[in-house]
Amino acid sequence: MAIGLVAFAHEGHEHGHPVTVTGEVVDTGCYVSHDGKGAKHAACAEACAKNGIPLAIVDDAGKLYLPLGLEHKNPNTKLMPFVAKRVKVTGSEFDKGGLATIAIQTIEPAP
């Protein structure tokens, strides 16, 4: 049990802070390279995600949050049903080297 707790702390999980993010699920390749987003980009974003391009959430201020796969699972899985849609996500935010990430706890559609 103690080894598990040490391993969890070692991975840096204790440095995250609770956050709620509202924004759009985008594929990082198209969003970063040519601002690809919105309903007109949904089919492309879905195809990109299925081919391994990471999905992310861009909030209304333009901050991009990359989801973490803390359970050693593909973080795109939680976001796939929401590609090119607005979501409200709760979780823990981790910032490192200028990269904003989020360990997703809950995700739901947002208006």
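This report walks through a predicted model of one protein chain, from its overall layout to a few single residues.

**The overall layout**

Let us begin with the whole chain. The secondary structure comes to four helices and five strands. If you read along the sequence, these elements follow the pattern α-β-α-α-β-β-α-β-β. Of the 111 residues in the protein chain, 37% count as buried. Many contacts link parts that are far apart in sequence: among contacts with a separation of 6 or more, 62% are between residues 24 or more positions apart.

How confident is the predictor? The protein chain averages a pLDDT of 88, and 86% of the residues score at least 70. Among the elements, strand β2 has the highest mean pLDDT (98), whereas helix α1 (residues 2–10) has the lowest (39). Over residues 1–13 the pLDDT is below 50, and this stretch has six contacts in the model beyond near neighbours in sequence. Where pLDDT is low, the predicted coordinates should not be read in detail.

**A barrel of strands**

The five strands form a closed barrel that runs β1-β2-β3-β5-β4, with mixed pairing. On average, neighbouring strands of this sheet are turned by 55° against each other, direction ignored.

Three of the pairings are set out here, so that you can find them in the structure.

| Strands | Bridges | Direction |
|---|---|---|
| β1 (residues 17–27) and β2 | five | antiparallel |
| β2 and β3 (residues 64–67) | two | antiparallel |
| β1 and β4 (residues 86–96) | eight | antiparallel |

You can also follow these pairings residue by residue. Between β1 and β2, Val25 stands opposite Ile57, and the bridge partner of Glu24 is Val58. On the β3 side, Ile57 has Tyr65 as its bridge partner. Toward β4, Thr20 stands opposite Thr90. Strands β2 and β3 form a hairpin with four residues between them, and Gly62 in the turn has a positive phi of about 95°.

**Strand β2, an enclosed strand**

Why is β2 described as largely enclosed by the rest of the structure? Five of the five residues of this strand (residues 55–59) are buried, so the rest of the structure largely encloses it. In a regular strand the side chains alternate between the two faces of the sheet. In β2, Leu55, Ile57 and Asp59 point one way, while Ala56 and Val58 point the other way, and all are buried.

**The nonpolar core**

Which residues touch the most other members of the largest nonpolar core? This core has 17 residues, and the ones with the most such contacts are Val25, Ile57 and Ile102. The elements that give two or more residues to the core are β1, α3 (42–50), β2, β4 and β5 (99–109).

Ile102 is a good residue to look at in the structure. Leaving aside neighbours within four places in sequence, Ile102 is in contact with Val19, Val21, Tyr65, Leu66, Pro67, Leu68, Val89, Gly91, Ser92 and Glu93.

Val21, one of those partners, is found in strand β1. Is Val21 buried or exposed? Its relative accessible area is 3%, so Val21 is buried. Not counting residues up to four places away in sequence, Val21 touches Ile57, Asp59, Tyr65, Val87, Lys88, Val89 and Ile102. The C-alpha atoms of Val21 and Asp60 are separated by 9.1 Å, although these residues lie 39 residues apart along the chain.

**Cysteines without a disulfide**

Now for the cysteines. A disulfide is a covalent bond between the sulfur atoms of two cysteines. How many disulfides does the structure hold? The count is zero. For Cys30, the closest cysteine sulfur is in Cys44, at 3.8 Å, and this is too far for a bond because a disulfide needs the two sulfur atoms within 2.5 Å. Cys48 is in no disulfide either, and its nearest cysteine sulfur, that of Cys30, is 3.9 Å away. Both Cys30 and Cys48 are placed away from the surface by the numbers: Cys30 counts as buried at 9% relative accessibility, and Cys48 is buried with a relative accessible area of 17%.

Note on methods
Residues numbered from 1 in each chain as written. Predicted model: local features only at pLDDT ≥ 70, side-chain atom pairs only at ≥ 80, totals over all residues. Heavy atoms only, no water. Buried < 20%, exposed > 50% of the residue type's maximum accessible area, 1.4 Å probe, protein only. Pairing = 2+ DSSP bridges. Axes fitted to C-alpha atoms, helices over the stretch in contact; angles between N-to-C directions. Contact = heavy atoms within 4.5 Å. Core = buried A, V, L, I, M, F, W, Y, C linked by side-chain atoms within 4.5 Å. pLDDT = per-residue confidence, 0-100.
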